[in-house]
Amino acid sequence: MKLYFIRHGLTPYNKLGLTNGRTIDDPLAEEGVAQAAELAKMAPRTVEHIYSSDLIRSKQTSEIINQELGVSLTLHPELREIDLGSFTGKSWKEINELTGRNFLDECYLAHNYDFKPWGGESVQEVSARVKKFLDEVKKNNKEALIVSHGGIVRTIYYLLKGETLKGGAIGNAKIHEFEIS
């Protein structure tokens, strides 16, 4: 079964280079709306269901795409972005300065993070909720499009392919295809 994961369209915080995390419910910027509309034209027509994070930026992206696809759409809190705790709303440069290390490269991109000391989530907690979601999707056995967040797409790569994707950001409104059984 094919699953297509998408990071939401561009937000005002994304434009400023700041983290949204799960507690800043930032809507799409004008460019993000345009990205979602473009993506909708390219979305696979074989998709039978859309799953989306319930945060506004993903919800808006999924609704725009679904104007084109016209399939069932459900919202799932398991697909929310990683809780970065008190680092939410900061740039990665600021986070690196606060932790005294290259937290972005050494922890976050290496899929070895723990935001619990700052009031957020650990990689184990994020992985557990994403695995729970994947188990539900497998039961439905339908080709699906999943609209979520960069941290969740990274987690999917790690869980399904064992890859840490150290090579840069997950682009807004880009399709990532996975085959699962």
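## A buried acid without a salt bridge

Asp 26 is buried but forms no salt bridge. Arg 57 offers the nearest side chain of opposite charge, and that is 6.3 Å away. A salt bridge here requires the nitrogen and the carboxyl oxygen to lie within 4 Å, so the Arg 57 side chain does not qualify. The model is predicted.

What does the Asp 26 side chain reach instead? Its side chain comes to 2.8 Å from the backbone nitrogen of Tyr 13. A second polar contact, of 3.3 Å, runs to the side chain of Asn 20. Asp 26 itself sits in the loop between α1 (12-16) and α2 (30-42). Setting aside neighbours within four places in sequence, Asp 26 is in contact with Thr 11, Pro 12, Tyr 13, Asn 20, Ile 56 and Arg 57.

## The sheet

The model has an open sheet of 5 strands with mixed pairing. The order is β3-β2-β4-β1-β5. β3 (72-75) and β5 (175-179) stand at the edges. Each has a single partner strand, so one side of each lacks a neighbour in the sheet. From one strand to the next, the twist averages 20°.

Strand β2 (residues 49-52) runs parallel to β3, and 4 bridges join the two. His 49 has Ser 72 as its bridge partner in β3. Helix α7 (residues 150-161) packs on the sheet, where it touches β1 (2-7), β4 (144-148) and β5. The direction of α7 makes about 25° with that of β5.

## Strand β2, covered on both faces

In a regular strand, side chains alternate between the two faces of the sheet. In β2, His 49 and Tyr 51 lie on one side, with Ile 50 and Ser 52 on the other. These four residues are all buried, so both faces of β2 are covered. Tyr 51 has Thr 74 as its bridge partner in β3.

Ile 50 also links this strand to a helix residue, Asn 66: the two touch. Asn 66 belongs to helix α3 (residues 56-69). Not counting residues up to four places away in sequence, Asn 66 also touches Val 71 and Leu 73. Is Asn 66 buried or exposed? Its relative accessible area is 15%, under the 20% cut-off, so Asn 66 is buried. Asn 66 and Ile 24 are 42 residues apart in sequence, and their C-alpha atoms are 24 Å apart in space.

## Two loop residues with positive phi

Which residues have a positive phi without being glycine? His 111 is one, at about 55°. Asn 141 is another, at about 50°.

Their surroundings contrast. His 111 lies in the loop between α5 (103-108) and α6 (123-140). It counts as buried because its relative accessibility is 10%. Asn 141 lies in the loop between α6 and β4. It counts as exposed because its relative accessibility is 56%.

## Salt bridges

How many salt bridges does the structure hold? There are 11. One of them joins Glu 177 to Lys 2, with the closest N and O atoms 3.3 Å apart. This pair links distant parts of the chain, 175 residues apart. Glu 177 is in strand β5 and Lys 2 in strand β1. Both ends are partly exposed: Glu 177 has a relative accessible area of 42%, and Lys 2 is at 29%.

Another salt bridge joins Glu 121 to Arg 22, with the closest N and O atoms 3.5 Å apart. Glu 121 is in the loop between α5 and α6, and Arg 22 is in the loop between α1 and α2, so the pair ties together parts 99 residues apart in sequence. Glu 121 and Arg 22 are both buried.

Arg 101 bridges to Glu 106, with the closest N and O atoms 3.2 Å apart. Arg 101 is partly exposed at 40% relative accessible area. Glu 106 is partly exposed too, at 42%. Elsewhere, salt bridges with shared partners join Arg 22, Glu 121 and Arg 129 into one network.

Methods:
Residues numbered from 1 in each chain as written. Predicted model: local features only at pLDDT ≥ 70, side-chain atom pairs only at ≥ 80, totals over all residues. Heavy atoms only, no water. Buried < 20%, exposed > 50% of the residue type's maximum accessible area, 1.4 Å probe, protein only. Lys, Arg positive; Asp, Glu negative; His and termini not counted. Polar contact = N/O pair within 3.5 Å; in protein donor to acceptor, adjacent residues only side chain to side chain. Contact = heavy atoms within 4.5 Å. Pairing = 2+ DSSP bridges. Axes fitted to C-alpha atoms, helices over the stretch in contact; angles between N-to-C directions.
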